[in-house]
Amino acid sequence: MASPPVWAMVLLLLVATQLPDIIDKPLAWTVALLPSGRMLAHSLVVSLPMLTVVVLLAARWGYVRSAAVFSAGYLSHIAGDFYPIVWLGTEYYFFPNLFWPLSAANPDRTPSFAAHSPDSLLSLVVPMAVFGLAISYSLATVYQRHGRSFAEIPPR
């Protein structure tokens with residue numbers, strides 16, 4: 001089966017890296033079904049079996065590369081949220097959430113979207129710069145893969 005276009009992989013990666021928060025934050029902070037915004041979709045006990053099913057189904061349908069990209073993006077989000085475990089170990093407040101439902105999850109200390117909004121626009125500079133670089137790199141890759149350089153793009 002032919003590989004999907006590069007832009008589709010970039011979009012898949014973008015969705016996968018945000019999916020744990022897209023699932024958990026509204027369930028915890030909007031409808032209060034979960035005590036923490038790092039619980040259900042952030043749990044390795046839940047996510048590893050789910051990703052295994054995704055990979056097996058994708059392999060059956062010929063989308064192994066897409067499943068690998070999705071899984072890597074999804075797991076990178078979890079790693080990004082739980083990296084304090086590296087130096088705090090089990091003392092990290094959210095450590096039990098990583099193994100929910102096998103361990104009781106710790107609730108969020110500030111369970112709302114408003115509590116997690118940036119204090120100022122200046123605090124968004126670094127994330128926006130990283131996002132801009134990622135988009136620029138992705139666009140450059142798409143153009144290179146399709147055999148066009150930026151010099152060949154016709155002006156409007």
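**Exercise 1. The surroundings of Tyr74**

Leaving aside its neighbours within four places in sequence, which residues is Tyr74 in contact with?

*Solution.* The model examined here is predicted.

Step 1. Locate the residue. Tyr74 belongs to helix H3.

Step 2. Classify its exposure. The relative accessible area of Tyr74 is 2%. Buried means under 20%, so Tyr74 is buried.

Step 3. List the partners. Beyond the excluded neighbours, Tyr74 is in contact with Ala16, Thr17, Leu19, Pro20, Ala41, Ser47, Met50 and Leu51.

Step 4. Check one partner by backbone distance. Ser47 is 27 residues away from Tyr74 along the chain, and their C-alpha atoms are separated by 8.6 Å.

**Exercise 2. The overall fold**

Describe the secondary structure, burial and surface of the protein chain.

*Solution.*

Step 1. Count the elements. The chain has 5 helices and 0 strands, and its pattern along the sequence reads α-α-α-α-α.

Step 2. Assess burial. Of the 156 residues in the chain, 27% are buried.

Step 3. Assess the contacts. Among contacts with a separation of 6 or more, 58% are between residues 24 or more positions apart.

Step 4. Assess the surface. The accessible surface amounts to about 10,300 Å², and carbon and sulfur atoms account for 71% of that area.

**Exercise 3. The geometry and buried face of H3**

Determine how the span of helix H3 compares with expectation, and how its buried residues are arranged.

*Solution.*

Step 1. Compare the spans. Helix H3 covers residues 64-82, and its 19 residues should span 27 Å at 1.5 Å a residue. The C-alpha atoms at its ends are 27 Å apart, in agreement with that value.

Step 2. Identify the buried residues. In H3 these are Ser66, Ala67, Phe70, Ser71, Gly73, Tyr74, His77, Ile78, Asp81 and Phe82.

Step 3. Find their directions. Viewed down the axis of H3, the buried residues fall within an arc of 165 degrees, so they line one face of the helix. As a general principle, an α-helix has 3.6 residues a turn, so residues three or four places apart point the same way.

Step 4. Identify what they pack against. The buried residues of H3 meet helix H1 (6-30), helix H2 (44-61) and helix H4 (85-88).

**Exercise 4. The two sides of H2**

Establish which residues of helix H2 are buried and which exposed residues lie on the face turned away from them.

*Solution.*

Step 1. Examine the length. H2 has 18 residues and reaches 25 Å from its first C-alpha to its last, close to the expected 26 Å.

Step 2. Name the buried residues. In H2 they are Ser47, Leu51 and Ala58.

Step 3. Place them around the axis. These residues cover an arc of only 30 degrees, which puts them on the same side of H2.

Step 4. Consider the cover and the reverse face. The cover over the buried residues of H2 includes H3. The face turned away from the buried side carries the exposed residues Leu56 and Arg60.

**Exercise 5. The salt bridges**

How many salt bridges does the structure hold, and which parts of the chain does the pair Arg38 and Asp81 tie together?

*Solution.*

Step 1. Count them. The structure holds 2 salt bridges. In general, side chains of opposite charge can pair when their charged atoms come close.

Step 2. Examine the pair within one helix. The side chains of Asp21 and Lys25 form a salt bridge at 3.3 Å, N to O. Both residues lie in helix H1, 4 residues apart, about one turn of the helix. Lys25 is buried, with a relative accessible area of 13%.

Step 3. Examine the second pair. Arg38 and Asp81 meet through their side chains at 3.7 Å, N to O. Arg38 lies in the loop between H1 and H2 and Asp81 in helix H3, so the pair ties together parts that are 43 residues apart in sequence. Both Arg38 and Asp81 are buried.

Step 4. Relate the two pairs. Not counting residues up to four places away in sequence, Asp21 touches Pro26, Gly37, His42, His77 and Asp81. Asp21 of one bridge is thus in contact with Asp81 of the other. The C-alpha atoms of Asp21 and His42 are 8.0 Å apart, with their positions 21 residues apart in sequence.

**Exercise 6. A nonpolar surface patch**

Which residues form a nonpolar patch on the surface?

*Solution.*

Step 1. List the members. The patch consists of Trp7, Leu11, Leu14, Val15, Met128, Phe131, Ile135 and Leu139, with about 760 Å² of accessible area together.

Step 2. Assign them to elements. H1 and helix H5 (125-145) are the elements that give two or more residues to the patch.

Step 3. Inspect one member. Leu139 is in helix H5 and is partly exposed, with a relative accessible area of 45%.

Conventions: Residues numbered from 1 in each chain as written. Predicted model: local features only at pLDDT ≥ 70, side-chain atom pairs only at ≥ 80, totals over all residues. Heavy atoms only, no water. Expected span 1.5 Å × (residues − 1). Buried < 20%, exposed > 50% of the residue type's maximum accessible area, 1.4 Å probe, protein only. Arc of directions from axis to C-beta. Contact = heavy atoms within 4.5 Å. Patch = residues over 30% accessible without salt bridge, like charges linked within 9 Å, V, L, I, M, F, W, Y side chains within 5 Å. Areas by Shrake-Rupley, 256 points an atom, 1.4 Å probe, with all protein chains shown as cover. Salt bridge = Lys/Arg side-chain N within 4 Å of Asp/Glu carboxyl O.
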